[in-house]
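Work through the following exercises with the sequence and the coordinates open beside you. Try each task before reading its solution.

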Amino acid sequence: MSLDLPRTEPRSVNPAADEVRQRLEHARTTRLAQLKALDDTGQNPGDHLMSNQKDAIKRVLTEIDEAFARVEDGTYGTCLGCSKSVPPERLEILPHTRYCVACQSRAA
Ligand SMILES: [Zn+2]
């Protein structure tokens with residue numbers, strides 16, 4: 001699976017950006033593998049549970065792409081709900097998250 005990100009020179013303003021990219025890259029690789037595993041085991045393409053799972057994974061992949069974009073424009077790690085910083089512990093577990101815990105639970 002090739003990556004469709006432009007391989008431009010990294011303009012690292014933030015020294016942590018490379019680490020964040022690696023984390024997102026890892027998250028994406030994991031999700032793509034899950035998606036492929038679901039495809040490989042898919043005997044029944046009309047299986048609703050499976051298509052729900054796949055939709056959920058695809059949604060996360062989209063969020064990961066958006067997170068990559070936010071790393072580039074320097075807004076990564078800022079909650080889109082309240083504009084405060086998302087705690088680093090949370091970003092370690094959910095590197096693609098857009099919201100802090102409070103805003104996430106408000107949105108859910
Ligand atoms: Zn927030």
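The exercises below concern a predicted model, and each task is followed by a worked solution.

**Exercise 1. Describe the secondary structure of the protein chain and how much of the chain is buried.**

Solution. Begin with the count of elements, which comes to four helices and zero strands, so that reading along the sequence gives the pattern α-α-α-α. Turn next to burial: of the 108 residues in the protein chain, 10% are buried. Finally, consider the contacts between residues at least 6 apart in sequence, of which 48% join residues at least 24 apart.

**Exercise 2. Determine how helix H1 and helix H2 are oriented towards each other.**

Solution. Take helix H1 as residues 17-41 and helix H2 as residues 48-73, and note that their axes lie 10 Å apart and that the two helices pack at an angle of about 160°. Because angles over 145 degrees count as roughly antiparallel, H1 and H2 are roughly antiparallel to each other. The handedness completes the geometry, as H1 passes H2 in a left-handed crossing.

**Exercise 3. Characterise the residues through which H1 meets H2.**

Solution. List the H1 side to begin with, where the residues include Val 20, Leu 24, Arg 28, Arg 31, Leu 35 and Leu 38. On the H2 side, the residues that they and their neighbours in the contact meet include Met 50, Lys 54, Ile 57, Leu 61, Ile 64 and Val 71. Sorting the residues of the contact of H1 with H2 by character then gives 14 nonpolar, two polar and four charged.

**Exercise 4. Compare the span of H2 with its expected value, and locate its buried residues.**

Solution. With 26 residues, H2 reaches 37 Å from its first C-alpha to its last, which is close to the 38 Å expected at 1.5 Å a residue. Within H2, the residues Ile 64, Ala 67 and Val 71 are buried, and the buried residues of H2 pack against H1. For the spacing of positions along such an element, recall that an α-helix has 3.6 residues a turn, so residues three or four places apart point the same way.

**Exercise 5. Find the positive phi values of Gly 74 and Ser 83, and decide whether Ser 83 is buried or exposed.**

Solution. Just after H2, Gly 74 takes a positive phi of about 85°. Ser 83, found in the loop between H2 and helix H3 (88-93), has a phi near 65°, a positive value in a residue other than glycine. As background, most residues other than glycine have a negative phi. For the last step, count neighbours: Ser 83 has 10 other C-beta atoms within 10 Å, and since 12 or fewer is the cut-off for exposure, Ser 83 is exposed.

Note on methods. Residues are numbered from 1 along each chain as its sequence is written. This is a predicted model: local features need pLDDT of at least 70, side-chain atom pairs count only at pLDDT 80 or more; totals for chains, interfaces and linings use all residues. A residue is buried if 20 or more other C-beta atoms lie within 10 Å of its own, exposed if 12 or fewer, and partly exposed in between; C-beta atoms are placed from the backbone. Two residues are in contact if their C-beta atoms, placed from the backbone, lie within 7 Å. Axes are lines fitted to C-alpha atoms, for helices over the stretch in contact, and angles run from 0 to 180 degrees between N-to-C directions. Angles under 35 degrees count as roughly parallel, over 145 as roughly antiparallel, 65 to 115 as roughly perpendicular and the rest as oblique. A crossing is left-handed if the near helix is turned anticlockwise from the far one by less than a right angle, and right-handed if clockwise. Ala, Val, Leu, Ile, Met, Phe, Trp, Tyr, Cys and Pro count as nonpolar, Asp, Glu, Lys and Arg as charged, and the others, Gly among them, as polar. The expected span of a helix is 1.5 Å times one less than its number of residues.
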